[in-house]
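Trainee: I'd like to learn how to read a protein model. Could you walk me through this one?

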Amino acid sequence: MNWMNVEETLRRAEAPLFWVGAFTVASLALWLLYRLLSGFRIWVLGNGQLLSPKLGKWAVVTGATDGIGKSYAEELARRGFAVMLISRSQDKLDDVAKSLEPPVHPRSKGVVLNISSASGMYPVPLLTVYSSTKAFVDFFSRGLQEEYRRQGIIIQSVLPFFVATKMTRIRKPTLDKPTPERYVAAELATVGLQGQTNGYFPHAVMGWLTTKLVPIDLVIFFGAAMNRLQRTGYLRRKMLREQRNGDSLKND
Ligand SMILES: NC(=O)c1ccc[n+]([C@@H]2O[C@H](COP(=O)([O-])OP(=O)(O)OC[C@H]3O[C@@H](n4cnc5c(N)ncnc54)[C@H](OP(=O)(O)O)[C@@H]3O)[C@@H](O)[C@H]2O)c1
């Protein structure tokens, strides 16, 4: 092939390549615009108005006597929902039920918010059972949502990262580890907009980074490293506690 032929081939390819490039840039720009607009719709405008008893009287809240569940129950009752409370301790259930208004009326429509976890988005070593069951909750909820969509029942899968509750023993809330009240207020604005949600903008960014940007093997590796570190710290503290207790028994 001589130079003339190369030039001729390149000249012929110029127009198709231009259109491939233009199409790619236009698709990427449209995709980015769509993501920005839907992000704005979810995280800035929200869907706060949707979650009212007009949708149906009922909300079912599991783990409703502490932490995230309790905040949901309180907020939904404040909005006028009849709330079905589920947890183990009858006395705690009675206390929460007494504090909620208005009274219950047993309707076929409603909202089910299933609390999965960000740990269900990928395997988390050393929290393997927790992570797996949370993945189950996520799949289960998303499947049910499709089955019940026609009946007007909303079933949402909620995948929080850390929230400052009894379970996590986080005493000082931060931007990425909010109070349950703050988390729930943000999460409720996503109902009806997202079947699966991290529920809170900083958590959505973390979810996006860990599932879309960072390779899954790296996420699993760092998850394992973080949990090993935590386990080593816990075992060291436990050993020191036991040594201290042993010493004080000897002195007695
Ligand atoms: N906090 C976080 O950072 C975080 C992050 C991701 C996901 N989550 C998930 O969010 C949910 C709530 O966590 P939380 O931090 O709010 O916990 P929490 O403050 O410890 O509250 C747990 C609630 O669940 C009830 N409960 C516990 N075991 C139960 C059982 N076997 N059956 C029925 N109810 C039960 C407890 O009441 P009784 O003791 O009276 O039963 C309590 O009302 C959990 O599913 C957790 O995995 C939490």
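Mentor: Sure, let's start with burial. In the protein chain, 33% of the 252 residues are buried. Keep in mind that this is a predicted model.

Trainee: How do I read the exposure of a single residue, say L37: is it buried or exposed?

Mentor: You compare its relative accessible area with the cut-offs: buried is under 20%, exposed is over 50%, and partly exposed is in between. L37 has 54% relative accessibility, so it counts as exposed. You'll find L37 in helix α1.

Trainee: And E242, where does that one sit?

Mentor: E242 is in helix α7. Its relative accessible area is 48%, so E242 is partly exposed.

Trainee: Okay, now the fold. How many helices and strands are there in the protein chain?

Mentor: Count the elements, then read their order. The protein chain has seven helices and five strands. Starting at the N terminus, they run α-β-α-β-α-β-α-β-α-β-α-α. As for overall shape, the radius of gyration is 25 Å, well over the 18 Å that the globule rule gives for 252 residues, so the chain is more spread out than a compact globule.

Trainee: What does the C-alpha trace span along its principal axes?

Mentor: About 100 × 60 × 30 Å. You can also check pairs of residues. L37 and F18 are 19 residues apart along the chain, and their C-alpha atoms are separated by 28 Å. For E242 and L175, 67 residues apart along the chain, the C-alpha separation is 36 Å.

Trainee: Back to the strands. In what order do the five strands form the sheet?

Mentor: To read a sheet, follow which strand pairs with which. Here the order is β2-β1-β3-β4-β5, in an open sheet with parallel pairing. β2 (82-86) and β5 are the edge strands, each pairing on one side only.

Trainee: Can we zoom in on one pairing? Over how many bridges do β4 and β5 pair?

Mentor: Two bridges, in the parallel sense, with β4 covering residues 154-158. If you look for S157, you'll see that it stands opposite Q196 in β5.

Trainee: Next, pockets. What is the volume of the largest pocket, and which residues lie nearest its centre?

Mentor: With a pocket, look at the volume, then at the lining. The largest pocket has a volume of about 1700 Å³. Its lining has 49 residues, and L127, Y130, F162, M167 and T168 lie nearest the centre. By type, the lining divides into 22 nonpolar, 17 polar and 10 charged residues.

Trainee: Which element gives the largest share of that lining?

Mentor: That's α7, with 10 residues. Elements that each supply at least two residues include α2 (67-78), β3 (110-115) and α4 (128-148).

Trainee: And where does the largest pocket lie with respect to the domains?

Mentor: Check which domains contribute to the lining. Domain 1 (53-213) and domain 2 (215-252) both give residues to it, so the largest pocket lies between them.

Trainee: Let me try the second largest pocket. What should I read off about its volume and lining?

Mentor: The volume is about 880 Å³. There are 29 lining residues, with R35, W43, Q194, A204 and W208 nearest the centre. They divide into 16 nonpolar, nine polar and four charged.

Trainee: Which helix supplies the largest share there?

Mentor: α1 does, with 11 residues. Helix α1 spans residues 3-45, and α4, β5 (196-197) and α6 also each supply at least two residues of that lining.

Methods. Residues are numbered from 1 along each chain as its sequence is written. This is a predicted model: local features need pLDDT of at least 70, side-chain atom pairs count only at pLDDT 80 or more; totals for chains, interfaces and linings use all residues. Side-chain values use heavy atoms; hydrogens and water are left out. On a 1 Å grid over the protein atoms alone, a cavity is a set of points where a 1.4 Å probe fits but cannot get out, and a pocket is an open set with protein on both sides within 12 Å along at least five of seven lines; lining residues have an atom within 4 Å of a point. Grid points are joined across faces, edges and corners, and a volume is the space filled by probe spheres set on the points. Helices (H or I, at least four residues) and strands (E, at least two) are DSSP runs, numbered from the N terminus. Ala, Val, Leu, Ile, Met, Phe, Trp, Tyr, Cys and Pro count as nonpolar, Asp, Glu, Lys and Arg as charged, and the others, Gly among them, as polar. Domain bounds come from an automatic or database domain assignment. Buried means under 20% relative accessible area, exposed over 50%, partly exposed in between (1.4 Å probe, protein chains only). Two strands pair if DSSP finds at least two bridges between them. The radius of gyration is taken over C-alpha atoms; the globule rule is 2.2 Å times the number of residues to the power 0.38.
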